[in-house]
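Colleague: Could you take a close look at one part of this model for me, the place where the two chains meet? I'd like one connected walk through it.

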Amino acid sequence: MTDAILAGLSGLLAGFANLTWQQAVMMAVGCLLLYLGIARGLEPLLLVPIGFGAIIVNIPNSGLMEPGGVLRTIYDAGVLTELFPVLIFIGIGAMTDFGPLLENPRILLLGAAGQFGIFLVLLLALAIGFPPLQAVSIGIIGAMDGPTAIYVTSKYAPELLGAVSVAAYSYMSLVPVVQPPIMRALTTADEKRIVMPAVRSTVSKRTRILFPIVVTIVGSLIAPQGTALLATIMLGNLMRECGVVERLASASANEITNVVTLLLGISIGATMEGARFLNVQTLIVFALGFAAICLDTVSGVMFGKLMCAATRGRVNPLIGAAGISAFPMAARVVQTVGQSYNRRNYLLMHAMGANTGGQIGSVMAAGIMLSVLAGLGLT
Amino acid sequence: MVDPLTLGLVLALLGMGGTLLALFILSLLADLLKRLFPEGDRGQGPGAGETKARPPANPQPPTAKPAPTPGPQ
């Protein structure tokens, strides 16, 4: 009888008895993510489920990520198969208005320049000694685009998924803090005060409908490995613009995105097991991710200066900072910084154009990188 | 199998150049679409030439909310 009671008690105490310091630290990290999401409002849609997932996966003997465990099942079904990121992309497409971009299509080039950090950090990661596919996954943090980072990392370096995802979403939420000092440092006072004319609506409905179709076909032909990403964001946008499938567009932008966001967030949190997450490699990933957002901003603003020179001062270089994707925070940052130097200057719609260009740019950059890797026989 | 430095340089060169070129091509195509189907061109078929309701040309304000915040981007 006594033995049976003791045996039963040992089962009740097993959680405490088997708790390692790494698990305790990761639970604290999960609580920190919850705090940032709930109290500070930083990317709450993702940080709340990620933080909660990080807590529960580090409870000893819970078996959540064991084969057959509930989180393992969700992870295998949605993350390993790359299903969740592409479903979210349909929703993002359904929420995105490419109108400001179509008003001035040249701004799309800023969306390309804002991705250069991906490739520069990839070089850095290779120089540090990361294997090629891990380096690619670290570099993709520079896309400043969560689903793209998750898609690439789950495909090529799933062991880094937790670190890359948390870094990507954390740095996206830090855009308003990280970008302004770089923007101020790289532009002159005169450049910051450049007034860009108001955006006039000159885009027909036909153009809005044809744009996602053309981008899908041409973009996918250029970078076939990125078709899943590009096609899904454009499908969502086509449903939004065509106006004949409002129910699908609405479901994509709301119900589907919400459900998938929850499952994706908790799955990512589930990859943050203490024994695997707490290591020097994770810290390096975070450092390189930070370098990526800084380099993206630098390249975006520098390209903005180039466009400013090429157009004889008609483009305010600050809008280059919005080319990094991170929609719509980066565009809001441009508006705020621009107005701090000239209160009559409304850069918002131009920055929105660069920002949506950055969304296309990040997907194209990922697709091109994957296609080059495939061409080199590395995937 | 290429060495890491060569791989990095190839990816950086083709990645940055390719992304820039691809988006340049897409910008040209977007421009072409605008020219082929300008606003107010009421061709055949429902909705041709119509434009969606847009925000004011010169956005009001520093305080106005610019656009709906997408969820997890």
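**Where the chains meet**

Modeller: Let's start with chain B, whose secondary structure comes to 1 helix and 0 strands. Bear in mind that this is a predicted model. Chain B has 73 residues, and 36% of them are buried. About 4,300 Å² of chain B is exposed, with carbon and sulfur atoms supplying 65% of that.

Now for the contact itself. Chain A puts 76 residues into it and chain B puts in 53. People often give the size of an interface as the accessible area lost when the parts come together. Here, chain A and chain B bury about 5,500 Å² between them, and 73% of that is on carbon and sulfur atoms.

What about charges? Between chain A and chain B the count is 1 salt bridge. It joins the side chains of R106(A) and D31(B), at 3.9 Å from N to O. That pair falls within the 4 Å cut-off for a salt bridge. As for polar contacts, the rule finds 6 residue pairs across the interface of chain A and chain B, with both residues at pLDDT 80 or more.

On the chain A side, helix α20 (residues 348–375) gives the largest share of what touches chain B, with 13 residues. Sorted by class, the side of chain A that touches chain B has 49 nonpolar residues, alongside 17 polar and 10 charged ones.

So much for the tour; to put the interface back together, it draws 76 residues from chain A and 53 from chain B, with R106(A) and D31(B) meeting in a salt bridge.

Definitions and conventions:
Residues are numbered from 1 along each chain as its sequence is written. Chains are lettered from A and ligands numbered from 1 in the order in which they are written. This is a predicted model: local features need pLDDT of at least 70, side-chain atom pairs count only at pLDDT 80 or more; totals for chains, interfaces and linings use all residues. Side-chain values use heavy atoms; hydrogens and water are left out. Contact means heavy atoms within 4.5 Å. Buried area is the accessible area (1.4 Å probe) that two parts lose on being put together, summed over both. A polar contact is a pair of N or O atoms within 3.5 Å; within protein, one must be able to donate a hydrogen and the other to accept it, and residues adjacent in sequence count only if both atoms are side-chain atoms. Helices (H or I, at least four residues) and strands (E, at least two) are DSSP runs, numbered from the N terminus. Ala, Val, Leu, Ile, Met, Phe, Trp, Tyr, Cys and Pro count as nonpolar, Asp, Glu, Lys and Arg as charged, and the others, Gly among them, as polar. Buried means under 20% relative accessible area, exposed over 50%, partly exposed in between (1.4 Å probe, protein chains only). Accessible areas come from the Shrake-Rupley method with a 1.4 Å probe; for residues, only the protein chains shown count as cover.
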